[in-house]
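Visitor: I should like a close look at a single part of this model, namely its salt bridges and how they are linked. Please set that part in the context of the whole chain afterwards.

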Amino acid sequence: MNVTKTEVKCSQLPSDSSHKEGSLQKNSAEHEGYAGVHSSGRITENNIIDADKSKDRLLERIVDRDNMNYAYKRVKSNKGAHGVDGMKVDELLQYLKENGGQLRQSILDGKHRPNPVRRVEIPKEDGKKTRKLGIPTVVDRVVQQAIGQVLTPIFEKQFSDNSYGFRPGRSAHDAIRKCQNNIEEGYKYVVDMDLEKYFDTVNQSKLVEVLARTIKDGRVISLIHKYLRAGVIVRNSFEETEVGVPQGGPLSPILSNIMLNELDKELEKRGHRFVRYADDLMIFCKSRRSAQRVLNNILPFIEKKLLLKVNKEKTVVDYVGKVKFLGFSFYRAKGKTRVRIHPKSVAKMRCKVKELTARSNGMGNELRATKLRRYIMGWVNYFKIADIKTLLSGTDEWMRRRIRMIYWKQWKRVRTKLKMLKSLGIREQKAWEYANTRKSYWRTSNSPILSKSLTNNVISGFGFLFFSEYYRQVTA
């Protein structure tokens, strides 16, 4: 089905070209090649459409050669799946070389028509519900990225110091430290706010109204609105998007922050302490009663002024040690506020490790080691600010046992077990005794049979990385 609406044809590379998406190439020749996509001359007055209505010339800044070049590089480095037109990230450079000038001009002329996004559903933590993502085409990702790069410095000046999600120079770790500071100063009760399906329920008219207060170039507002209304392809069927901001494109993070900045400003005006990361919000109070009062008073603003929905069942008022925020939770020890990993986050991690170390997932040991390494590095880098030494030590012991079980099952026959045990330093008589054991795979994995042969050092030599080992590296 052809869903491409843009007036520039998609000129894809031959089908036998490599579609493997790697990291951003640092080959200067490639960058120079893309730089030639746009004309070297700067935009003149003759290029402007409705110049009298576009005093700040934001659209020209969006399609500026340097801005578009940088947007391309960001999209390339982020990799990502293809959109509805099937074009891969690796095909993007060739397409832009051939059609970049036309794309830029169609945006300036107001004729650019974004493609619908491709619907992808990923399971949430509970495994029962899914999160809906909208994957734009790679060309639309470049345009969205270019828009975001111009809007970010403009709106950063307006954003609250209590907002941390999707902002340059800010992270989830900064948000957690801010929470710690609030708790240290006596704000031990929180309103843990849950905005119901936030990205799917944003009122587009309200968002456009908020954008228009700052953006005076109507062409940019129109372009953003086109992306909001581009629609979605679900099971080869087109659906309109009259509400919501498609989650999955480069533009959605800053649009969500622009919308929720209205809530930030209202909370600040009322003198509340809060921390917001994207649509996760914690409002800090000194008592349960005041927290309940804050919730009752802020609900009408969220629902009637911002036209957003609050999930009443998941929004709670509670002691700060009982809530989960960005995967973390808080506790008091020796008069200090400490950070630990929430039990649900621990359970999620163990499920992932169990999945990667399953005996029958068809994964080779080399690939298994690589995937475990990537997961462990990402997980530890995110949760390293918490108190996790004891947790990691126990997790490593359990994970090594599962890896030993995998190898024992793979050796399968008695003669293979005998051969492998001998190669790992077990004396022949003992190796023969071990090879003929009748114990189950799981029991054997925790017995001297494997603890003396498949030692921790041997397993590490096979390429496996462990949580404690990497934690020591990044916290040394």
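Guide: In this predicted model, a network of salt bridges links Lys206, Glu209, Arg213, Glu262 and Lys265. Two of the pairs within this part can be followed through arginine 213. The first pair joins glutamate 209 to arginine 213, with the closest N and O atoms 3.0 Å apart. Both residues belong to helix H8, which spans residues 204-214. Their separation of 4 residues corresponds to about one turn of the helix. Glutamate 209 has a relative accessibility of 39% and therefore counts as partly exposed. Arginine 213, with a relative accessible area of 40%, is partly exposed.

The second pair joins arginine 213 to glutamate 262, and here the closest N and O atoms are 2.7 Å apart. This pair links distant parts of the chain, for arginine 213 is in helix H8 whereas glutamate 262 is in helix H10, residues 252-269, and their positions lie 49 residues apart in sequence. The surroundings of the two partners can be set side by side: arginine 213 is partly exposed at 40%, while glutamate 262 is buried, with a relative accessible area of 11%. The value of 11% falls under the 20% limit, so glutamate 262 counts as buried.

Another salt bridge involves helix H10. The side chains of aspartate 264 and arginine 276 meet at 2.9 Å, N to O. Because aspartate 264 lies in helix H10 and arginine 276 in strand S6 (residues 273-277), the pair ties together parts that are 12 residues apart in sequence. Aspartate 264 and arginine 276 are both buried. The salt bridges described here belong to a total count of 21.

Charged residues also form a positive surface patch, made up of Lys124, Lys129, Arg131, Lys132, Lys197, Lys309, Lys314 and Lys344. One of these residues, lysine 124, is located in the loop between strand S1 (117-123) and strand S2 (130-135). Lysine 124 is partly exposed, its relative accessible area being 30%.

A nonpolar position offers a further view of the model. Isoleucine 147 is part of helix H5, residues 138-156. Its relative accessibility is 0%, so isoleucine 147 counts as buried. Leaving aside residues up to four places away in sequence, isoleucine 147 touches Ile62, Leu223, Ile224, Tyr227 and Leu251. Isoleucine 147 and valine 63 are 84 residues apart in sequence, yet their C-alpha atoms are 8.5 Å apart in space.

The context of the whole chain is as follows. The protein chain contains 20 helices and 10 strands. It has 476 residues, of which 47% count as buried. Among contacts with a separation of 6 or more, 74% are between residues 24 or more positions apart. The chain exposes about 24300 Å², and carbon and sulfur atoms supply 47% of that area.

Technical notes:
Residues are numbered from 1 along each chain as its sequence is written. This is a predicted model: local features need pLDDT of at least 70, side-chain atom pairs count only at pLDDT 80 or more; totals for chains, interfaces and linings use all residues. Side-chain values use heavy atoms; hydrogens and water are left out. Patches are made of residues with over 30% relative accessible area and no salt bridge: like charges are joined within 9 Å, nonpolar side chains (Val, Leu, Ile, Met, Phe, Trp, Tyr) within 5 Å. Accessible areas come from the Shrake-Rupley method with a 1.4 Å probe; for residues, only the protein chains shown count as cover. A salt bridge is a side-chain nitrogen of Lys or Arg within 4 Å of a carboxyl oxygen of Asp or Glu. Lys and Arg count as positive and Asp and Glu as negative; His and the chain ends are not counted. The place of a charge is taken as NZ of Lys, CZ of Arg, CG of Asp or CD of Glu. Helices (H or I, at least four residues) and strands (E, at least two) are DSSP runs, numbered from the N terminus. Buried means under 20% relative accessible area, exposed over 50%, partly exposed in between (1.4 Å probe, protein chains only). Contact means heavy atoms within 4.5 Å.
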